[in-house]
Amino acid sequence: MRWRDASIGAVLCLGVPPLAMAATPLTTTQIAPGIYLHAGVQAEATAANEDAIANVGFIVGDASVLVVDPGGSAREGEDLRAAIRQVTDRPIRYVVMTHVHPDHIFGAAAFKEDGPEFIGHAKLPGSLAQRGAFYLRNLRRELGEAADGSEVIVPTHLVATTEAFDLGERIVTIRAHGPAHTDTDLSLLDERTRTLFLGDLLFVERIPVIDGSVVGWLHELDSLADFTAARAVPGHGPVAVDWPAALVPERRYLQKVVDGTRLAIRQGIDIGEAPRHVAIDEQRDWLLFEAYHARNVTAAFKELEWE
Ligand SMILES: [Zn+2]
């Protein structure tokens, strides 16, 4: 309890608002030396879960801490921040938002007081400008007062290709990907432990969501498969230690969506009907299939119909 007393004392001295003191540290697991992860629940966002549905974590270097991702609401972000302070008092210098989706970005507000670099894909500011206000209204509707404090944080540091960040004797390489899950996807590699954070470029157990380009996503998976990694952290689902084999179910699903949608287009099946014909045998293999599969086929149809 000693650390906790110390941190509450520090908070009081700095006059931080009551929200920070209400934080309940997220439960985390150390998945590799200095890398901590909180597993999101495999569900839709609700007030009860505070949109804590994505995997969130942090990497501790000799000089500083990097957060990936900050979580789905300011409350989750506060709880993640409290979990970090259980482990280390080193400065939180980087907060990475792996892509534009609400469950990965709205925790960022909780880290403003740390004055970190908020890191995002070069296309993230444009995407946030288009969707941010809508996402925030949606979050307030879904979470009610549990959304309090959540806001759109515009990234302060953009990654357009590949960039290395030094946490103190610990290099994390961040890559910007082409359109795939979204058009703002980043992946991170902790060079020391060969731990690969994939954001929602990788879904395990939960059905992948196509919001960028399904063809582009398959292409990005090909290049990611060439990486040597000791473990891979998906945006949703358990950590995979078998890499690149962990990609196989997702790649199979996405390829079936592409092949099935192309066939439907050739057969003159219309966009409204296509979801009932494409990749329906995948239903038993994925959580939340009913909620997202039809939407995925519709997205693939729009992408593929003019090929
Ligand atoms: Zn996502």
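Visitor: How many of the 5 residues in E6 are buried?

Guide: Strand E6 has 4 buried residues out of 5, so mostly covered is a fair description. Bear in mind that this is a predicted model.

Visitor: Which strands does E6 pair with, then?

Guide: Strand E5, residues 92-96, runs parallel to E6 and is joined to it by 3 bridges. Strand E7, residues 157-159, also runs parallel to E6, with 3 bridges.

Visitor: Which residues stand opposite each other there?

Guide: Between E5 and E6, Val-96 stands opposite Ile-119. Between E6 and E7, His-121 stands opposite Val-159.

Visitor: What else is Val-96 in contact with, leaving aside its neighbours within four places in sequence?

Guide: Besides Ile-119, Val-96 is in contact with Leu-66, Val-67, Val-68 and Asp-69. Ile-174, Leu-186 and Leu-188 complete that list.

Visitor: Which residues touch the most other members of the largest nonpolar core?

Guide: Val-96 is one of them, along with Leu-66, Val-67, Val-95, Ala-108 and Val-257. That core has 82 residues.

Visitor: Changing topic to H5. How far apart are its end C-alpha atoms?

Guide: They are only 24 Å apart. H5 spans residues 124-143, and a straight helix of its 20 residues would reach 28 Å at 1.5 Å a residue.

Visitor: Where does H5 bend?

Guide: At Arg-131, by about 50 degrees.

Visitor: And which residues of H5 are buried?

Guide: Leu-124, Leu-128, Gly-132, Leu-139 and Leu-143.

Visitor: What do those pack against?

Guide: The buried residues of H5 pack against two elements: helix H4, residues 102-105, and strand E6, residues 117-121.

Visitor: What follows H5?

Guide: Gly-144 does, and its phi is positive, near 60 degrees.

Visitor: Now the sheet with 5 strands. What is the order?

Guide: The order is E8-E9-E10-E11-E12, in an open sheet with mixed pairing.

Visitor: Which strands stand at the edges?

Guide: E8, residues 162-166, and E12, residues 231-233. Each has a single partner strand, so one side of each has no neighbour in the sheet.

Visitor: How many degrees are neighbouring strands of this sheet turned against each other?

Guide: On average 20 degrees, direction ignored.

Visitor: In what sense do E11 and E12 pair, parallel or antiparallel?

Guide: E11, residues 195-197, pairs with E12 in the parallel sense over 3 bridges. Leu-196 stands opposite Ala-232 in E12.

Terms used:
Residues numbered from 1 in each chain as written. Predicted model: local features only at pLDDT ≥ 70, side-chain atom pairs only at ≥ 80, totals over all residues. Core = buried A, V, L, I, M, F, W, Y, C linked by C-beta atoms within 7 Å. Buried ≥ 20, exposed ≤ 12 C-beta atoms within 10 Å, placed from the backbone. Contact = placed C-beta atoms within 7 Å. Expected span 1.5 Å × (residues − 1). Bend = angle between axes of the 7 residues up to and from the residue. Pairing = 2+ DSSP bridges. Axes fitted to C-alpha atoms, helices over the stretch in contact; angles between N-to-C directions.
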